[in-house]
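This report describes selected parts of one protein chain. Please keep the sequence and the structure in view while reading.

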Amino acid sequence: QLKLFGQRSEIQDAQAKHFFDQVSTNKLKVITVQFEETQLGDETAKALGLRLRACGSLETVKMIMYKTNVTDVGGAALGAISSSELKDLDIWLQETRVGDMTGCAFGQCLEKSKKLERVKFNLYDTELTDDGGAQLISGMVSEVLVDLSIRLFVTDARDTVVGDKTGKAMATVLEHCPDLKYIWLGFANTAVSDVSGEQIGVSLAKCKKLEKIHLDFNARPKQNQKLQDSGCRKLVEALKCQTSLLDLELRLAGTHLGDLAARALGNSLGSCVLLKKVKLYLHGTKLTDSGGRDIALGLSWCKKLDDLYIALSDTIVADDTGKEFASAIAAFSNLRTVHLDFGGTHVSDESLTQLDAALELLSSLIDVIMKFDKTKVTEEKARGVEDKLQRDGLALKIETQRRTGIDLSDTSHSASAASVQNGASLGDVAVELERGILSDVSDAAPVA
């Protein structure tokens with residue numbers, strides 16, 4: 001084994017290169033190199049790549065080199081692993097300048113590794129494009145694969161993102177992984193569309209041994225290409241086959257998910273009766289009260305839940321959804337933590353009353369956060385519920401702050417700025433927003 005740890009250190013590229021030039025690695029089976037947030041660059045990567053090429057019996061490789069000076073040249077050198085015995089590959093190169101040559105090199109490496117059991121790639125916020133992403137993913141076919149984590153999402157505004165070629169390659173790989181137990185797919189803010197969503201969903205349904213699923217297809221508000229209701233529906237329909245599922249995290253915020261996909265999600269959740277942890281990020285979607293109610297109804301079958309996170313803010317759900325979630329929560333006898341975000345929806349005190357009654361029935365609860373900002377929930381009602389449950393020893397936080405959805409310090413919103421300067425209340429500004437007096441409110445949050 002060779003394990004090197006120099007994260008956040010002052011080690012220089014030349015020093016690390018000199019070490020790898022000298023060290024003998026021919027008989028190694030395990031290599032761990034952890035140099036994130038350093039000044040290391042391509043010279044180190046190329047020297048390490050030569051050593052990896054010489055290790056014919058490597059079984060485990062872990063390289064954590066994010067936020068370094070490695071470019072696509074160095075990334076391609078790191079992909080020179082030649083071992084056919086490789087079982088565990090863990091690569092962290094996010095926030096570097098690696099790109100398609102790196103994707104191609106690792107793809108070729110993976111094609112030779114038919115014994116792969118665990119694969120993890122953190123390549124988000126890099127220069128990888130759809131072609132490189134597709135080549136990387138295509139090499140991951142392994143019938144013994146049990147753990148797959150691919151994070152190619154984008155956190156900033158950039159043109160170099162993966163798309164449907166990568167998505168289709170992912171779908172093809174999943175068709176050949178019958179023993180998969182854990183999957184983490186991160187395609188947020190990329191060019192992946194309904195084509196990929198539908199194909200990934202169909203393939204994922206064939207992986208019937210999954211215990212943990214994390215799907216991240218979040219989309220920015222102004223993003224042109226995002227999943228529509230049909231693509232979201234195919235993705236969530238895959239969950240219906242997962243009778244062994246214990247942990248689900250689904251991120252579809254900002255997509256065009258609507259009530260058809262929500263109904264499919266509710267039906268799927270009703271089949272996942274072993275679930276212990278559920279996180280649904282569905283804020284900013286096209287969801288209405290009908291779809292929200294369907295999700296809550298499906299969730300009510302998951303009697304073993306102990307951790308629940310639901311984000312439905314900035315959707316059109318109302319009290320029917322709130323009351324249905326209250327009914328579901330009342331049945332979760334093992335529930336320990338609850339996080340509900342209804343901000344910017346049409347729920348009222350009626351929903352909070354029902355949720356309050358449900359929470360009082362659960363002796364296992366230790367932590368609750370509920371958000372009702374920009375709703376019809378009154379401050380008086382929220383404080384009353386909060387005080388009562390806190391007296392019972394529960395860590396509880398209810399947020400009801402009102403916001404107009406506009407930065408009033410921005411002088412481009414001339415009408416609102418002028419109103420505030422002249423002593424008008426925020427309520428007056430909200431009225432101006434409702435009447436459409438402001439010229440630049442297309443991106444403002446809706447005012448009830």
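## Helix H7 and its surroundings

In this predicted model, helix H7 spans residues 194-204, and its buried residues are Asp-194, Ser-196, Gly-197, Ile-200, Gly-201, Ser-203 and Leu-204. Among the elements that cover these buried residues are helix H6 (164-174), strand E7 (182-186), strand E8 (212-216) and helix H8 (229-237). A general rule helps in reading such a list: an α-helix has 3.6 residues a turn, so residues three or four places apart point the same way.

## Strand E4 and its partners

Strand E4 covers residues 88-92, and because 4 of these 5 residues are buried, the strand is largely enclosed by the rest of the structure. E4 pairs with strand E3 and also with strand E5. The table sets out the two pairings.

| Strand pair | Residues of the partner of E4 | Sense | Bridges | Opposite residues |
|---|---|---|---|---|
| E3 and E4 | E3: residues 60-64 | parallel | 5 bridges | Val-61 and Leu-89 |
| E4 and E5 | E5: residues 118-122 | parallel | 5 bridges | Asp-90 and Lys-120 |

Helices link these strands along the chain. E3, helix H3 (residues 72-78) and E4 form a right-handed β-α-β unit. From E4 the chain then passes through helix H4 (residues 100-111) to E5, and this β-α-β crossover is right-handed as well.

## The nonpolar core

The largest nonpolar core contains 120 residues, of which Phe-121 and Ile-329 touch the most other members. Leaving aside residues up to four places away in sequence, Ile-329 touches Leu-308, Leu-335, Val-338, Leu-340, Leu-355, Ala-358, Leu-359 and Leu-362.

## Thr-400

Is Thr-400 buried or exposed? Thr-400 has a relative accessible area of 4%; buried means under 20%, and Thr-400 is therefore buried. This residue lies in the loop between strand E14 (395-399) and helix H14 (414-421). Its side chain makes a polar contact with the side chain of Glu-379, at 2.3 Å. Besides Glu-379, Thr-400 touches Phe-372, Asp-373, Val-377, Ala-382 and Arg-383, not counting residues up to four places away in sequence.

## Confidence in the model

The protein chain averages a pLDDT of 88, and 89% of the residues score at least 70. Over residues 402-448, however, the pLDDT is below 50, and this stretch has 46 contacts in the model beyond near neighbours in sequence. Where pLDDT is low, the predicted coordinates should not be read in detail.

Definitions and conventions:
Residues are numbered from 1 along each chain as its sequence is written. This is a predicted model: local features need pLDDT of at least 70, side-chain atom pairs count only at pLDDT 80 or more; totals for chains, interfaces and linings use all residues. Side-chain values use heavy atoms; hydrogens and water are left out. A nonpolar core is a set of buried Ala, Val, Leu, Ile, Met, Phe, Trp, Tyr and Cys residues joined through side-chain atoms within 4.5 Å. Buried means under 20% relative accessible area, exposed over 50%, partly exposed in between (1.4 Å probe, protein chains only). Contact means heavy atoms within 4.5 Å. pLDDT is the predictor's confidence in each residue, from 0 to 100. Helices (H or I, at least four residues) and strands (E, at least two) are DSSP runs, numbered from the N terminus. A polar contact is a pair of N or O atoms within 3.5 Å; within protein, one must be able to donate a hydrogen and the other to accept it, and residues adjacent in sequence count only if both atoms are side-chain atoms. Two strands pair if DSSP finds at least two bridges between them. A crossover is right-handed if, with the strands pointing away from the viewer, the path from the first strand over the helix to the second runs clockwise.
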